[in-house]
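These are notes for a colleague who has not looked at this model before. Please read them with the structure open.

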Amino acid sequence: MATARQVLCLCAFLSLPLARAEPIRYSVAEERESGSVVANVAEDAGLTPAQLSARRARLLSEDGRQHFRLDPGTGRLVVAERLDREELCGQSASCTLAFELLLANPVQFFRVEVAVEDINDHAPVFPEERVTIKIPETSNLGSRFPLQGARDLDVGSNSIQAYSISPEIKYFSVSFESQIRGKKYVELVLEKPLDREKQAEVDFSLIAMDGGSPPRSGTTQIHIVILDANDNAPTFSQEIYVGQVLENTPEGSVVLRVVATDQDAGVNGDISYQFSQAGGHSYSAFEIDPINGEIKLTKSLDFEAAENHELSVRATDGGGLSTICRVLVEVVDVNDNAPEVMVNSFSSPLPEDTLPGTVVALFTVRDRDAGANGKISCALEDQLSFSLRPAYKNYFELVTVSALDREETARYILTVTASDAGSPPLTTTQTFTVDISDVNDNAPVFSQTSYTMYVRENNVPTVLAGTISAVDADMGPNAKVTYSLVPAHPTEQPPCSCISVNSENGDVFVLRPLDYEQVRQIEVLVSASDAGSPPLSANVTVRLVVVDENDNAPLVLYPSQDTSSPSSELVPVSAEAGYLITKVVAVDADSGQNSWLSYHLLRATDPGLFVVGAQSGEVRLRRSVTERDTVTQKLVVIVRDNGQPPLSATAAMSALLLSDFSDVRLPHSSLATEDEGGSLTIYLIISLVFVSLLFLVSTAAFVICKVCKRKELKDGHVLYGASNLQSSLVDAAAAGTLPHTYCYEISLTTGSGNSEFKFLKPILPSLPPQLHATGGVTNNEQDFPCGLLTMEDVAPDNHGVLSAEQFNSLSFK
């Protein structure tokens, strides 16, 4: 909860001024007890204590340490822990602790600086309790002898201000005025010539006094040994030696070498080197070779702890004379500190509908190196949905820059790299794992754009027709899908009651038996809805196709089998093999292979004389007619469909073998042989009249059919259903012609020998694809039932076009 409040505060902070231009400054003496009041920061910031509480004021510091705390009830800034200036700032002349006062709602920063004032809590301390100095008796008046000064951890007026000798002696005085680079050094000044024969040794106390109130002091014992004449002291080649060393220089490396010479000879000219203040902190990192004056490292240096080290080297000859030089070792920074990343706030998970610009994390960076080694840059690894932006000073924000999509990416691993400008640069990586929480922003998606399922007619109730499936890219309740039937349009009646959908798994059931001849297919609309709030849904069309079964036997349309005597066909005795006698026309109300009909000669008076086209139903002569053949030939043709098991029907007919068509007479049971020429003429006249009559009937039927079709399209009704189709065809066969709803377009071509009737596409209204439970029909278009007669069935070899010979051979009764 606290992290969320920080993110909200930082978002508001971006729209406000970052901070006051000038910081609020205070001072407090060190060693103050915890809880001591520093100042009323609320009053200085122009705020009331109530505003501090309302705006959730808090203190932030770069290093994370809280030296002070804020009393929200009074607005006072109090000491959180005991402050030791020497621990915090060492020997620095000033000691300032900086931090920010952060106000939320809205966000505002106040820069606060507290100067820790030094108090006189440390006394001067000499490195040694007793110091022995050897001074030649030939020393000139005013000669100065350096002493090891005391050390006071305090600064300013609380540091060492003066030295004195006790008891006062006439030979020496103490000087605290010599300076090297602003630092004073203690020297013993010879005020009176020495006489070793009168006084070989001198003892006194050297007292160091600081400027505190009350002042503090430190004391060391000075033992002066007066040597016999050694009138030349060692002399350094330089007064100050300056050396530079990298902070990563290994232990034992030579920093520099000091060189001193002595004009004396013998023992008085032998020089040895040593540090004159070996007790200081800086000296622990160095050692000096007493013979050659090389200064070496005893441990690694740290630029961040001390940027330079000041040493004092004493050169002493064999006669006891000595000289001091100053050595300044400057530590050169190397890039040995990687940047530090400190996370102040972080929010995860994020809803996937989070707006761009939302702050995900706030963090600070710092580097303890100096110069270019301490300059930091932050970068976010390749990431299109998030970015970094600077907030205040070394604060950075991780924000969203584009819309998030959990379905595309459910978790982001964000790597922030902080690099300094060193050579080579050092880097630090901070990884933020941002989880994306789901919202219901995805509707269910079906696995198919539409579903087509098949069920055989005469099915058992509640048969499983198939399964629909939809998936939702969301998760949890937002991804739970349920299925239901819905109307195609809001104003429609409820969906067909013969179909049911399982709401859990999408199984589609047919609840009652279906009849292919009544309904070919059913279309319903299925909705898939998720459990989100609000729920999202998607619809898909499910088409249930009824598969035909072989439950209808073929129906012979021609020749008609309803009369008592079979139809007779006339065959000239001069006909050659292949002569077309007639064509058996049959239909089957089924579809597919169940309606594929084949024709076979079942029996005949002379089976060797005839052959039946298995596919076309054409009855032709197998051979030429001979005188031995019976004039009246009886034939029975069986028509089978291709179902399993196959169903069949028979067509009985007779053929009269005539030598002259003029003698044709058609008795009930035999052929007359008299007046053959006249009978043939009459028969030809009858045929011509029949052809003319058929043309007139076809033309009238065409006109009527066109009118009926236009009226049907206007009224939106279907003239015939599949259920009464078969009875209409039967009536057509009995009447010798087709009903008006099966009219055909007829085209004629001129020519005595090539005149043909061309039967074009039947002009029929569309049949209904499916029936509702109440017996109604839909307005969807559907193909004709497979049992309808077309001219392709009558003349399949000529693509539905009958020649004059074929047409004359047909007899419609």
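1. A definition comes first: a salt bridge here is a side-chain nitrogen of Lys or Arg within 4 Å of a carboxyl oxygen of Asp or Glu. The model is predicted. R144 and E187 satisfy that rule, with their side chains meeting N to O at 3.2 Å. Because R144 belongs to strand β9 (residues 144-146) and E187 to strand β12 (residues 183-190), the pair ties together parts that are 43 residues apart in sequence. R144 is partly exposed, at a relative accessible area of 44%, whereas E187 has 14% and counts as buried.

2. For the overall picture, the chain has 813 residues, and buried residues make up 44% of them. Eight helices and 52 strands are assigned to the chain. Among contacts in the chain with a separation of 6 or more, 67% are between residues 24 or more positions apart. The exposed area of the chain is about 40,500 Å², and carbon and sulfur atoms supply 51% of that area.

3. How many salt bridges does the rule give? The count comes to 15. One of the salt bridges is formed by D438 and R406, whose closest N and O atoms are 3.0 Å apart. This pair links distant parts of the chain, 32 residues apart: D438 is in the loop between β31 (427-437) and β32 (445-446), and R406 is in the loop between β29 (395-400) and β30 (411-420). D438 and R406 are both buried.

4. R543 and E523 also meet through their side chains in a salt bridge, at 2.9 Å from N to O. R543 is in strand β40 (residues 537-547) and E523 is in strand β39 (residues 521-529), so this salt bridge ties together parts 20 residues apart in sequence. R543 is partly exposed, with a relative accessible area of 26%. E523 is partly exposed as well, at 31% relative accessibility.

5. Salt bridges can also be followed through a set of residues. E100, R111 and K393 are linked in a network of this kind.

6. Turning to the rings, a search of the whole structure finds 14 aromatic pairs. F363 and F396 form a stacked pair, with 6.0 Å from centre to centre and 20 degrees between the planes. F363 lies in strand β26 (residues 359-366) and F396 in strand β29, so the pair ties together parts that are 33 residues apart in sequence. Both F363 and F396 are buried. F446 and Y451 make an edge-to-face pair, because their ring centres are 6.3 Å apart and their planes stand at 75 degrees. F446 counts as buried at 11% relative accessibility, and Y451 counts as buried at 4%.

7. Which residues do ring pairs link into a cluster? They are F346, F363, F396 and F432. A ring also appears in a pairing with a charge: the charged end of R326 sits over the ring of Y185, at 3.5 Å from its centre.

8. Strand β38 (residues 507-510) is worth following through its partners. Strand β34 (residues 463-467) runs antiparallel to β38 and is joined to it by four bridges. T467 has D507 in β38 as its bridge partner. Strand β37 (residues 499-501) is antiparallel to β38 too, with three bridges joining them. I499 stands opposite V510 in β38. The hairpin of β37 and β38 has five residues between the strands, and G506 there takes a positive phi near 80 degrees.

9. Is V625 buried or exposed? V625 is buried, with a relative accessible area of 12%; the cut-off for buried is under 20%. V625 lies in the loop between β47 (618-621) and β48 (632-640). Leaving aside residues up to four places away in sequence, V625 touches P572, V573, A575 and L657. V625 and P572 are 53 residues apart in sequence, while their C-alpha atoms are 8.3 Å apart in space.

Note on methods. Residues numbered from 1 in each chain as written. Predicted model: local features only at pLDDT ≥ 70, side-chain atom pairs only at ≥ 80, totals over all residues. Heavy atoms only, no water. Helix = DSSP H or I, 4+ residues; strand = E, 2+ residues; numbered from the N terminus. Buried < 20%, exposed > 50% of the residue type's maximum accessible area, 1.4 Å probe, protein only. Contact = heavy atoms within 4.5 Å. Areas by Shrake-Rupley, 256 points an atom, 1.4 Å probe, with all protein chains shown as cover. Phe/Tyr/Trp six-rings, centres within 6.5 Å; stacked < 30°, edge-to-face > 60°. Lys NZ or Arg CZ within 6 Å of the ring centre and 35° of its normal. Pairing = 2+ DSSP bridges.
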